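Colleague: I should be grateful for a close look at a single part of this model, set out residue by residue. Please take one pair of strands and the side chains around it, and then place that part beside the rest of the chain.

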Amino acid sequence: MQNAMMQQQILNYYRQQAAAATQWMQTNPCTPMPGVVTYDGVYVTPETVNSYRKENVTCEHCDGGYNYRSVYMGNGETRRVKSRCSWCHGKGYVTKTVKNE
C-alpha cells in the first residue's frame, strides 16, 4: 500500500511539472522555458545555474549496486539472492545536482 502511495505521489509530481510546461508553452509560444527542475525538486533558473554542480554520491537504496535478500528454499534451507539496484543500475552511486557552498 505504501509503495502504491509513493508511486502516486511521484506521478502527481511529474504531472504537475508537465502541466506547468504545457501552460508555459501555451502562454509564451516563442520564448524558451527558463530553469530546470532537478530530481530533488530544486528549481534552477538561468541566473543561478552556475551555483550548482553534478556530484556522484553513494546510492542509499543498495549495498554497492546490489540488493541482497534471503529466500526460503524449503526443508529448512535458505538462499541469499542478489539483485541489481533499480536506482543506480548496479553502479553503486547516483549523480545528483547539489548547490555550491
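Modeller: The account below begins with the chosen hairpin and then turns to other contacts in the chain. The model is a predicted one, and every value that follows is computed from it.

The part I have chosen is the hairpin of strand 4 and strand 5, which has two residues between the strands. Strand 4 covers residues 66-74, and strand 5 covers residues 77-84. The two strands run antiparallel to one another and are paired over eight bridges. Within this ladder, serine 70 has arginine 80 of strand 5 as its bridge partner. At the turn, asparagine 75 adopts a positive phi near 55°.

Methionine 73 belongs to strand 4. When neighbours within four places in sequence are set aside, its contacts are Thr78 and Arg79. The relative accessible area of methionine 73 is 45%, so this residue counts as partly exposed, a class that lies between the limits of 20% and 50%. As for strand 5, the number of buried residues among its eight is zero, and the strand therefore lies largely in the open.

Two cationic side chains are placed over tyrosine rings. The charged end of arginine 80, the bridge partner of serine 70, sits over the ring of tyrosine 68 at 4.2 Å from its centre. Likewise, the charged end of lysine 82 sits over the ring of tyrosine 66, with 4.4 Å to the centre.

Beyond the hairpin, the largest nonpolar core consists of five residues, namely Cys59, Cys62, Cys85, Cys88 and Val94. Apart from neighbours within four places in sequence, cysteine 59 touches several residues, including the core members Cys85, Cys88 and Val94. Trp87, Gly92 and Tyr93 are also among the contacts of cysteine 59.

Side chains of opposite charge can pair when their charged atoms come close. The structure contains one salt bridge, formed by arginine 53 and glutamate 55, whose closest N and O atoms are 2.7 Å apart. Both partners are partly exposed: arginine 53 has a relative accessible area of 37%, and glutamate 55 has one of 28%.

The count of aromatic pairs is one. Tyrosine 13 and tyrosine 14 form this pair, with 5.3 Å centre to centre and 65° between the planes; the arrangement is edge-to-face because the angle is over 60 degrees. Tyrosine 13 is partly exposed at 25% relative accessible area, and tyrosine 14 is partly exposed at 45%.

Technical notes:
Residues are numbered from 1 along each chain as its sequence is written. This is a predicted model: local features need pLDDT of at least 70, side-chain atom pairs count only at pLDDT 80 or more; totals for chains, interfaces and linings use all residues. Side-chain values use heavy atoms; hydrogens and water are left out. Helices (H or I, at least four residues) and strands (E, at least two) are DSSP runs, numbered from the N terminus. Buried means under 20% relative accessible area, exposed over 50%, partly exposed in between (1.4 Å probe, protein chains only). Contact means heavy atoms within 4.5 Å. Rings of Phe, Tyr and Trp (its six-membered ring) pair if their centres lie within 6.5 Å; planes under 30 degrees apart count as stacked, over 60 as edge-to-face and the rest as tilted. A charge sits over a ring if NZ of Lys or CZ of Arg is within 6 Å of the ring centre and within 35 degrees of the ring normal. A nonpolar core is a set of buried Ala, Val, Leu, Ile, Met, Phe, Trp, Tyr and Cys residues joined through side-chain atoms within 4.5 Å. A salt bridge is a side-chain nitrogen of Lys or Arg within 4 Å of a carboxyl oxygen of Asp or Glu. Two strands pair if DSSP finds at least two bridges between them.
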